[in-house]
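Thanks for sharing this one with me. Here are a few friendly notes to read alongside the coordinates.

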Amino acid sequence: MSENRSNSRPIGQGMGRGPGHHASFEKAKDSKRAFKGLLSYIGQRKIIILIASFFLMGSVILKALTPAMIGDAIDLYIIKNPSLDQFTLQMSLVIVLLLISWGVEAIGGFLIIRLSNQIIFKLRENSFAHIQGLSMGYFNRTGIGDLISRMTNDMEMIYNAMSNGISSIVNGIFTMISILIAMFIRSWSLTLIVLAILPVLLFLTSLIGKLVKDAFQKNQKAVGALSGHIQESITGIKVIQSFNKEEKTIDDFNQKNNDVRRIGIRSQFLSHAFMPIMFLATALSLALLITFGGVLAIYFPAVFSIGLITSFIIYAQRFFEPIRQMTNIYNIFQSALAGAERVFEVLETKAEIKSSLESKNIKNFRGDVEFKDVHFWYEENKPVLENVGFFIEAGKNIAIVGPTGAGKTTIINLLTRFYDIQKGEISIDGVNIKDMDLDYLRNQMGIVLQEPFFFATTIMENLKYGRPAASDEEVFEAAKLAEAHNFIRRLPEGYNTQLSERGMNLSQGERQLLAIARVILKDPKILILDEATSSIDSLTEVHIQKALLSLMKNRTSFIIAHRLSTIKNAHKVVVVHDKHIIEEGTHQSLMNAKGFYYRLYSLQFQKSEITEDMSI
Amino acid sequence: MLSLIKLFRFLNKYKGSLIFSICLLFVSTLLTLVQPRMVQIVVDEGIKQKEMATILLWGGGIVLAAIFSSLINFGSGYLLIKSSHGMAYDLRGTLFKKVFSFSFQNLDKFRTGELMVRINSDVNTIMMFVRMGFFMIIQSLVMIIGSLLLMYSSDPGLASIMAVIMPSVLVVFLVIATLVRPVFLKMRKKLDELNNVLQENLAGASLVKAFVQKKQEIKKFNVKNKGFYEISLKIGTLMSLLFPLLFLIGQVTMALVVMIGGQRAINALLVPGVPGITVGQLLEFNNYAMMAMFPILMLGMVLNFVSMAAASAERIFELLNEQPAITEKAGAVRKEKLNGDIAFVNASFRYGHGEMAVSDFSMEIKSGEKIGIIGPTGAGKSSLAYLIPRFYDVNYGSVLIDGENVRDYSLSSLRRSIAYVLQESTLFAGTIKENLLFVNPDASDNELWEALNLAQAADFVKEKENQLEEVIGEKGVGLSGGQRQRLAIARAILSNPDILILDDVTSSLDLETESKVIDGIYEKLPDCTIIIISQKINAVRSADRIIVMKDGKCQEKGTHQELLKIKGIYKEIFNTQVAQDQGVA
């Protein structure tokens, strides 16, 4: 529901009571902890809340005084002893007080708004910095969508509760209290008449409030189901059309659309009911007031003057409004606490993979890499790698091959410490990578993935990502090496071409060329190519091959590829199959061994026709 | 604005309820309007004159009026809500169906997000406008005009003061709204920027880590965070000044009314003969002023809302006015089964006004024939295949199936018989089984396993904890690329096609699995015409005929053996992919 957001900003104060206004009604599981967390952020600024409340209170009291003063003005200067000057003076005073109360309220409001903004700013800043330290495993478990929602929606909810909630509550409570006091001072009996309706009203409001809450929860679910369905069917529309399944999709849609209508009508009607019920309650209390008050005024004219009754009529009308507001605020606070709970959950998550405290860096980095008896699983009891061990000498390159899903990419993920192994040891130049500074370790590596990621900015900036200080000439040089220079130059704005999200305005092959250029510019000690050329057509690949070969020279390199042409020149080939390394050697020795590797790759030549072309 | 009015035709169906609802609302509002007048009568004629009967009579009147007004308001609200939701239901349905009537050519114009916004948020905005807008406009107008008239009947002098003050409040409100609006828009923009940085950072988390750019990223985020903080604070400051200001204006107005009225009442008392007003009247005025002030603010808000609704309406019409590029002709041929003969006759096709993607292409494919299409990126392989199930229409020439032009078939009979596995193998959120049954709801579990076997997917499905019932996420989250491709192939097989097209959907498979999939399909579906598009020799080598495409044209065709002998493009691709390695071996 995208309009949630637009409504939930300050303008929400004035914007009707659409579904967006009620936002979500989740409850925090551990409200106390969430509350404490928030309090710790408010910290020393708690005093600001006190000062602001003081201002808001002042404005409320000033406003509560005015009906009484108006009543007095009527009683004293019109009815009892008419005096134009006195009356005018008194009314002018009322207007001045109103102006002052506005100023005071604005100051209080501003203090609260500034505080809320500061706190959300700090919370965002800290959460983001904290998230940067969390490991890949956490992202995969939590899901990016979920994290984004915590950083956006939940933050907004907290902001809402703070910026609107605090002032509304202070306002509401003090309005009611001060009106109550003002009424009591003037006449306790009339006050009781006004209050007579209160229990009924509270009962009705809380009843409807509960109904509305349930209805809106259901409504949100229905709306979510519908938009999920729309999103999915539009994303897959080509598949749906290609199987001629439009009708079924539209049937499903209609059903969900109907649910939204049915539940939407119910929830909106319930929330609409608030208004007439409030009106009815106010009218009832007004009728009671003037009937009883009127009767009293007839029998005890000395005590119950017309001016008194007049001021009570005004008070009664103002007394009930805050009640409705405050039921709304209650829900806002609930959602905010639930949001705060989710935000602090992130903040309290400990990074699984960190630099060790006494991290050592290698003085003369050579790049010998060794895996020793490595065991790893993503989920417990589902081992992905067992007993994996190999050694690659600095400056040499190693190809990791194996069928789809054998765990080739996992090996790479372990070397970069995106994940930590459960057993065994991975070392570079004899130093366990767990003992190295994490940034240092990753600074030595350059990775090109099959689906490289790009930021929605210019090609130039994307290429410089690993080395922001690089000169443009260095970038051109790297792009030329990667065979990317030519296609970039042909783009309408060359290196200043804006990439769309993830670089989707380029073909996958072009993206891979860019990713290679990006790594060339980074100039890493260890190079990792994970299916880096899979989408580059064979003819172009021949060209890049040269670039890659010169890039791999004197660098320890890891290559994952299906295409044999990429593998055959590797100094060493390891074959991963079913969690283990089952074969190890050079292309030649493995072909001669006629084992798994041979079967995997001889497929291309099995058929007779090739033999006749053997001479090539 | 015009679009918004045009959209009201979706309200036609609910005209009856709407009009009735408006009448009810009118009555209900009138009933609330008489309240202050009754209070005035109680004060002036009851309390002052000490008439007990009058007090009780009008006191009861106030209660009765309130009860009726509330009940009628319930009814009116219900009808209005029902109509607005009904309209939203119809509108969403219409838009959704419209989108599904689009051909690929139409779809290329819109991004998923754009379509989503139109069907979801824009319809909601329109709905809210109908519900709130109607309600508020009518209630506000009746309240404002009614209170003014009632005031006028009581005291023309005071009423005319109000008649001046109230519109000026509206003007002040609108001025404030227009001033604040751009700041709001700017704030939304800043928020979007902030969220974009966040989204990109998380989506590219592995890149950030691999390139050790944590510090840069934090700096980037903090700049945006600061920017948003500043504008948000600005808005907040404005709001904390302006919202109380609106209420201030209301209250000051009321105080002024009492002051001016009171002065006249005093004058009347002090100077005999001057027509004055009573205390009850003064109270009445105070109440009416309050009644009129709130609707003025509502009206301002509605007017503000109109521009939003108008923008939504325009976007909705963009969709409604889009004409499907490919439609069935009247009396289209419907066939349960196709033979599977395909012919391209001088077919040419281009996207928009670009270069020809398929250029003067002619070829006949016999029923049951297995065809491989290979060629570099951008050669027109997919574009050619798209023409068969009419995802796109040819610009020149024609495509025939079983000797008849594809344009003469009904779209459903074409697409029911042709299974086209698209490059992006989209799966839907749900179980594996649900995804397969999507194309053939009657298939038995045995048939499912058979199809999975044929697509070499049975093994990994069996390894899943819940096998066929394993839940996979949207777009097949939790599956590797190769697994997604194999499920998509299994799904296509399950639809029992007469023509099967695999558009580069074996790219993530290793060569052994790829060969198993393709050879298996060839063997098990002997009568099915099969077209396999790929960049890999391995995927096309066993086809009956291979077409080598470049620049939208067929450059070479023949069997694997024949093509190798030609020593042309195919041979060159073969050399780079295969023969080099063979040489080493």
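**Notes on chain B and its partner**

1. Let me begin with a hairpin in this predicted model. Strands S4(B) and S5(B) form it, with two residues between them. In the turn, B:Asp402 has a positive phi of about 50°.

2. The hairpin strands, S4 (residues 396-401) of chain B and S5 (residues 404-405) of chain B, run antiparallel and are joined by two bridges. Within this pairing, B:Glu404 in S5(B) is the bridge partner of B:Ile401.

3. S4(B) also pairs with strand S1 (residues 342-350) of chain B, again in the antiparallel sense, over five bridges. Here B:Ile401 in S4(B) stands opposite B:Ile342. It is worth displaying B:Ile401 with both B:Ile342 and B:Glu404.

4. Now for the interface. On the chain B side, 168 residues are in contact with 165 residues of chain A. The two chains bury about 15,600 Å² between them, and carbon and sulfur atoms give 70% of that area. B:Phe100, B:Lys209 and B:Phe211 supply 5% of the area that chain B buries against chain A, more than any other three residues.

5. Which helix gives the most to the side of chain B that touches chain A? That is helix H8 (residues 214-270) of chain B, with 35 residues. The residues on this side of chain B comprise 87 nonpolar, 52 polar and 29 charged.

6. How many salt bridges cross the interface of chain B and chain A? The rule finds zero. For polar contacts across this interface, there are 13 residue pairs, with both residues at pLDDT 80 or more.

Terms used
Residues are numbered from 1 along each chain as its sequence is written. Chains are lettered from A and ligands numbered from 1 in the order in which they are written. This is a predicted model: local features need pLDDT of at least 70, side-chain atom pairs count only at pLDDT 80 or more; totals for chains, interfaces and linings use all residues. Side-chain values use heavy atoms; hydrogens and water are left out. Two strands pair if DSSP finds at least two bridges between them. Helices (H or I, at least four residues) and strands (E, at least two) are DSSP runs, numbered from the N terminus. Contact means heavy atoms within 4.5 Å. Buried area is the accessible area (1.4 Å probe) that two parts lose on being put together, summed over both. A salt bridge is a side-chain nitrogen of Lys or Arg within 4 Å of a carboxyl oxygen of Asp or Glu. A polar contact is a pair of N or O atoms within 3.5 Å; within protein, one must be able to donate a hydrogen and the other to accept it, and residues adjacent in sequence count only if both atoms are side-chain atoms. Ala, Val, Leu, Ile, Met, Phe, Trp, Tyr, Cys and Pro count as nonpolar, Asp, Glu, Lys and Arg as charged, and the others, Gly among them, as polar.
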